[in-house]
Amino acid sequence: MASPSLPGGTWTLGDLTVTRFGYGAMQLAGPGVMGPPADRDGALAVLRTAADLGITHLDTSAAYGPRVTNELIREALHPYPDGLHVVTKVGATRDERGGWPPARDPRSLRSAVHDNLETLGLDVLDVVNLRLGDATGPRPEPVAEAFGTLVDLQREGLVRHLGLSNATPEQVAEARSIAPIVCVQNLYNLAHRHDDALVDALAADGVAYVPFFPLGGFSPLQSSALEAVATRLEATPMSVALAWLLRRSPNILLIPGTSSVAHLRGNVAGAGLPLSASDLAELDTVGIMGT
Ligand SMILES: NC(=O)c1ccc[n+]([C@@H]2O[C@H](COP(=O)([O-])OP(=O)(O)OC[C@H]3O[C@@H](n4cnc5c(N)ncnc54)[C@H](OP(=O)(O)O)[C@@H]3O)[C@@H](O)[C@H]2O)c1
């Protein structure tokens, strides 16, 4: 069941209620998001703790590992508790060097949806994001054919809701002219605010914005303003960064990743940190000044 006691409360993805505080499973795989984790039992414990804390939004992909994080989620939590929703993504595959080559032709997308169903042990995927661009970010590319394939899979009953990831505002608009989406998952955090206008536009339409790398991803957020606010509030920079995202807009859902139960608990507690108007004003300078 969605826990209203988690910071930020809940949000509705189509007809699915999820906690705004979710969990991103990508970094549970081995180094470079390839292979199994060094501490398999620890990874399973993180996933079970997430569910025990009442988190009902897990973010994953069959490309993580590949298959590793989906299989960990299945082992830790299947049969899934009522109300737990797993969001996955398709559109990139993995090569032997750990790269993320695009795989957005109809056959690859169908195969990826089936791979996610099988590895997660599901008959229907709650939300599937079409992941565009590449590891450097979004790229201009048409989305109609790839998104149309996912719409077909949705009509066939294999996917409940659709979303986009690593997408430009133009690609979001193009996809939405074809079929409704419930979320956009892009790189966004205190220091990377290129999507500010998109966050607000989606909020006005009731579409979720799900920042990936909310804590900076593979390079932790570093900013003197963030450090100053954290020190003043006797909190960690991670707590401040997550609390800021929850305050930034009601349609923002958090999917911070961690391989540590202690960090997960700390992040949940920290995201509820109260931020004053002057804290928010100071944090607003991070993205602008890069300080
Ligand atoms: N759509 C896309 O293209 C895309 C791309 C990237 C990611 N994603 C999704 O976004 C999710 C979030 O991204 P992410 O996990 O890469 O980055 P992130 O959430 O910004 O940061 C995760 C990193 O922060 C560390 N961390 C977390 N809590 C901490 C704490 N309290 N104290 C110290 N360190 C802490 C983790 O290390 P520890 O393990 O040591 O805690 C991990 O190295 C992913 O899991 C994935 O589901 C999507």
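This is a short selection-by-selection tour of the structure above, which is a predicted model.

**The sheet**

Start by colouring the strands. You should find an open sheet of seven strands, paired in parallel and ordered S3-S4-S5-S6-S7-S8-S9. Strand S3 (23-24) and strand S9 (208-212) are at its edges; each has a single partner strand, so one side of each lacks a neighbour in the sheet.

Now zoom in on strand S8 (residues 183-187), which runs parallel to S9 and is joined to S9 by five bridges. Select valine 184 and look across to S9: the residue opposite is tyrosine 209.

**The core**

Keep Val184 selected and add Cys183, Ala208, Leu226 and Ala241. These residues have the most contacts inside the largest nonpolar core, a set of 84 residues. Which helix gives the most to this core? Select helix H8 (residues 237-248), which supplies eight residues. As a general background, nonpolar side chains in soluble globular proteins tend to be buried together.

Next, centre on alanine 241. Setting aside neighbours within four places in sequence, Ala241 contacts Asn189, Leu190, Pro214, Leu215, Leu221 and Leu226.

**Helix H7**

Leu226 makes a good stepping stone, as one of the buried residues of helix H7 (residues 224-233). Show Ala225, Val229 and Ala230 as well to complete the buried set. Looking down the axis, you will see why they share a side of H7: they cover an arc of only 130° around the axis. Then turn the helix around: the face away from the buried side carries Ser224 and Thr231, which are exposed. Just after H7, click on glutamate 234, whose phi is positive, at about 55°.

**The ligand**

Now select the ligand and the 26 residues around it. Those coming nearest are Gly24, Met26, Leu215, Gly257 and Thr258; you have already met Leu215 as a contact of Ala241. Colour the shell by type and you get nine nonpolar, 14 polar and three charged residues. The largest share of the shell, three residues, belongs to helix H9 (residues 261-271).

**Glycine 65**

For the last stop, go to the loop between strand S4 (57-59) and helix H2 (68-77), where glycine 65 lies. Is glycine 65 buried or exposed? It is buried, because 24 other C-beta atoms lie within 10 Å, and 20 or more is the cut-off for that label. Beyond residues up to four places away in sequence, glycine 65 touches Ala29, Val33, Met34 and Gly35. Finally, draw a C-alpha to C-alpha distance from glycine 65 to proline 36: they are 6.7 Å apart in space and 29 residues apart in sequence.

Key. Residues are numbered from 1 along each chain as its sequence is written. This is a predicted model: local features need pLDDT of at least 70, side-chain atom pairs count only at pLDDT 80 or more; totals for chains, interfaces and linings use all residues. Helices (H or I, at least four residues) and strands (E, at least two) are DSSP runs, numbered from the N terminus. A residue is buried if 20 or more other C-beta atoms lie within 10 Å of its own, exposed if 12 or fewer, and partly exposed in between; C-beta atoms are placed from the backbone. Two residues are in contact if their C-beta atoms, placed from the backbone, lie within 7 Å. A residue is near a molecule or strand if its C-beta atom, placed from the backbone, lies within 6 Å of it. Ala, Val, Leu, Ile, Met, Phe, Trp, Tyr, Cys and Pro count as nonpolar, Asp, Glu, Lys and Arg as charged, and the others, Gly among them, as polar. A nonpolar core is a set of buried Ala, Val, Leu, Ile, Met, Phe, Trp, Tyr and Cys residues joined through C-beta atoms within 7 Å. The arc is that of the directions from the helix axis to the C-beta atoms. Two strands pair if DSSP finds at least two bridges between them.
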